[in-house]
Amino acid sequence: MGYIEETNELKLDFKKIAGMKGQEVLPVAIQNADTNEVILVAYTNEEALLESIKLRRLVLWSTSRNELWHKGKTSGNEFELLEIFVNCEQNSLVYKVRPLNGNICHTSYNGVANNCFYRQLDMESMELVNLNEQKNRE
């Protein structure tokens with residue numbers, strides 16, 4: 001893991017979307033169908049959407065690699081695609097998925113895989129609180 005994944009300092013990447021110029025993508029929130037937890041926010045394009053529907057697996061568009069991202073192809077952490085929801089303006093999606101093996105995020109805490117939303121913003125201090133560490137203190 002790198003600095004951004006481990007820090008409690010707020011370092012939001014407001015330039016992410018500007019760097020995706022020329023890529024025709026939509027944001028997609030990935031929700032665990034069993035827990036209702038949002039486990040990832042990523043991007044899809046038409047090709048990735050159609051591949052997801054065809055395979056009934058989580059396939060996204062990697063904006064950094066500019067290619068299809070078959071979730072689990074290298075890690076083995078696959079997700080079954082159960083439902084797709086479209087927002088009112090048809091410019092974002094929610095995928096309900098079921099983990100088949102492993103977890104969604106490349107980060108871990110004490111060797112246990114995280115979901116991508118493992119930190120909460122303390123609005124008083126403007127610092128990030130690692131929810132795993134908070135659970136261990138309780």
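**Two strand pairings and a packed helix**

Glu83 stands opposite Lys96 of strand 6. This is a predicted model, in which local features need pLDDT of at least 70, side-chain atom pairs count only at pLDDT 80 or more, and totals for chains, interfaces and linings use all residues. Residues are numbered from 1 along each chain as its sequence is written, and side-chain values use heavy atoms, with hydrogens and water left out.

Strand 5 and strand 6 (residues 93–99) run antiparallel, joined by seven bridges. Strands here are DSSP runs of E with at least two residues, and helices are runs of H or I with at least four, numbered from the N terminus. Two strands pair if DSSP finds at least two bridges between them.

Now the wider sheet. It is open, has four strands in the order 2-1-6-5, and its pairing is mixed. Strand 2 (38–44) and strand 5 (79–86) each have a single partner strand, so one side of each is left without a neighbour in the sheet. From one strand to the next, the twist averages 30°. Helix 2 (residues 46–55) packs on this sheet and touches strand 2, strand 5 and strand 6. Contact means heavy atoms within 4.5 Å. The direction of helix 2 makes about 125° with that of strand 5. Axes are lines fitted to C-alpha atoms, for helices over the stretch in contact, and angles run from 0 to 180 degrees between N-to-C directions.

Next, a hairpin. Strand 9 (residues 119–122) and strand 10 run antiparallel, with four bridges between them. Arg119 has Asn130 in strand 10 as its bridge partner. Four residues lie between the strands of this hairpin, and Met126 takes a positive phi near 60°.
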